[in-house]
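This report concerns a protein structure and its overall build. It then turns to one of its sheets.

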Amino acid sequence: MRWGLSLRFSQGKVIFMEIINPNGKKTLTLSTKWMGRDLTLEVNRVGFRTTSSVLVRYGDTVVLGSVVVGTKPVVLDYFPLSIDYEEKWYAAGKISGSRFIKREGKPADEAVLVGRLIDRPIRPLFPKGYRQEVQVVCTVLSMDPAFRPDCVAMIAASSALMNAGVPFDGPVAGVRIGRVGGGFKAFLSPEERAESDLDLVVACKDGKVVMVEAGANEVPEETIIEAMKWAVKEVKPVLDLQRELAEKVAATPQEYELVLPDEEILKEVEDWTAGKFGSQVRGNVMDRSKAIDELKYAMHDEFALSKGHGETDNEKVAWYDENLRDVYNQAFELALFKEVRRGIVEEGVRPDGRKLDEVRPLSSQVSILPRTHGSSLFTRGVTQAMNIVTLAPLSYSQEVDTMEVSEGKRRYMHHYNAPSYTVGEPGRMGSPGRREIGHGYLAERALIPVLPSEEDFPYAIRSVTEIMSQNGSTSMAATCSSCLALMDAGVPISRPVSGVAMGLMVDVPKGTEITSADVDKAYVLTDLMDAEDFAGDMDFKVTGTDKGITALQMDMKVHGLPVEIMEKALKQSHEGRMFILEHLKSIIAEPRAKISEFAPQIEKLIINPDKIGAVIGKGGEMINKITSETGAEVDIEDSGLVTISGHSPEAIAKALEWVKSLTEEPEVGKVYEGTVVTIKDFGAFVNIMPGIDGMLHISQIVEGRRLKSVDEVLKVGQKVKVRLVAIDNGKLSLSMIGVEK
């Protein structure tokens, strides 16, 4: 077999390479300079059996994006797209820190979150009704420690889909942005990320934003908008490179059929429902749901008799239910969504009768559970979230050991649960899914900027949101409920945080590109509910304090929005956040002065890190002895922070004094009760602190005279009170003269 090679140069650098390898496929490589590093896309070097595979290299990070497309449509009422982000320990030159499991297994929460990050800008770029099974896997093969690999993985996924022949309206590219030295910068180092007050991921397509996610340290809305504009401009070279590669690969377009209701059926249902929605499907969600169900049942009853096959009514209904009910259900939902949009755009009336910028009725409580450390119940309309906060010593923090992080700790943990009964449906109970992990992380991120430091509040904090009822914006309800419960638990947060979900409906013809000229046609909805989410174009969640934004998450169903419309939504969200924030303050204005009586009491002590060994002892002997004899729990951080916890004040005090005695530094002028350990002709050595002896000269034992022999007064093992009079080159001089016996 023969190999062939074709090269193209630019300024002495290879920017295009084509290799004909032994299996007959061409290996193509394209490169460009992007933000100070080479970005390279390569196809057909690996993954020959996939529908499409692209190796992406940026710096020393290499990610394989692979796509496999099913050959037949799947009989499902949703698009079976799965996007997975695979972390490989070897990519970072590591072996798992687990003693028992060294192989990669279930993805860590961090990997699940990155998978969602990639999924969210890609999913809406497929046509509605597309039902082919599509699996995208992003595998990190090599990781440059200078930056996070998530946005490189997004590029790999997008580029692989561009070359798979599927109806993907890409490409997309994402960039993670921070602020360094007052300016925006992408691909920050770990040290730069720690200093930055902004951690923003923006996914873009053709000058528009398709996804946003951020954590921020109370950053103004204006800064977020400027960062989006910066991202839209900076990703253009990456989009161009993906298009160039797709043109060279020239994948054969896949044949497919969209699973959509027949146009005749759509028109038939629209004609039947015309004039029947109106005011009867507006109002509170319970009455509205009942009215919609009754209208749907009436439609089925009528159509079953007119369209069903068979001699009797029962035979007609049975045939209709088997063959047409799902189709007409889908057509009915589309007609309902169209009515929701019409009411908002033409009448300015939302399904529950609210104005566009109006928040649903709010009701909240704290201290609703008697034995928990902090609890709250936040209700907004029919959406309801209960939150429970539990405090524990720092040793209960979660260990984080991933491809990117070694020996890290997660001190604040927010967990989100939303069983199927919260939407009035039966369902299986199981472990948290991607949605639950994502919503919990968003609410967690929203509160992190206002939490006290470990030194000021040496507790591990677990916040659990139990959703009690769902009708939109549950992640924002989790944020508000968590804030209330933290204050109820006595966690001294710097400022309360509120959150609101924003919706959007842009009044342009279906399939029309949305541009900056359509700002006046963009109807922004404050406090999004389910019916508006399903019928709308965007779900934009914003959290923050009265000083600025702490977290963002934006998903959309259209193929990108101009920044000007995003700016409009962000500005309107500020008013909604402030309204909800005032409500939270009316329930509990500030954190309680004391933590719950049921929470463990903790005392802290800062010691010289060089003294840590004295507290731990050989093989942990000393710290275990303190714990067993006092009943208190002792934890030590590498920084020298010692926390002593327990439910008995006496046990804590005893352990605290013990640790102090082991770590206290000698202080000139202070009187100590010591033990005589050695007697010499010239004096005695007295142990005044663990491991620290001082010299008591014979002339400093009795005032006014010098003893002939030290053992006239002192004996080994005798307890004496001495004053530390001097420290010279680490040697301690003691005296008994003038010390009260």
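The text below describes the whole protein and then a single sheet.

This is a predicted model, in which local features need pLDDT of at least 70, side-chain atom pairs count only at pLDDT 80 or more, and totals for chains, interfaces and linings use all residues. Residues are numbered from 1 along each chain as its sequence is written, and side-chain values use heavy atoms, with hydrogens and water left out.

The protein has 16 helices and 31 strands, taken as DSSP runs (H or I, at least four residues, for helices; E, at least two, for strands) and numbered from the N terminus. Its C-alpha atoms fill a box of roughly 125 × 75 × 50 Å along the principal axes. Of its 741 residues, 51% count as buried, that is, under 20% relative accessible area with a 1.4 Å probe and protein chains only. Among contacts (heavy atoms within 4.5 Å) with a separation of 6 or more, 69% link residues 24 or more positions apart.

The side chains include 89 positive and 108 negative ones, and the centres of the two sets lie 4 Å apart. Lys and Arg count as positive and Asp and Glu as negative, while His and the chain ends are not counted.

One open sheet has 3 strands in the order 24-26-25, with antiparallel pairing; pairing requires at least two DSSP bridges between two strands. Strands 24 and 25 are the edge strands, each pairing on one side only.

| Strand | Residues |
|---|---|
| Strand 24 | 601-606 |
| Strand 25 | 633-636 |
| Strand 26 | 641-646 |

Strand 24 is joined to strand 26 by 6 bridges, and Leu 605 stands opposite Val 642 in strand 26.

Notes:
Buried < 20%, exposed > 50% of the residue type's maximum accessible area, 1.4 Å probe, protein only. Charge placed at Lys NZ, Arg CZ, Asp CG, Glu CD.
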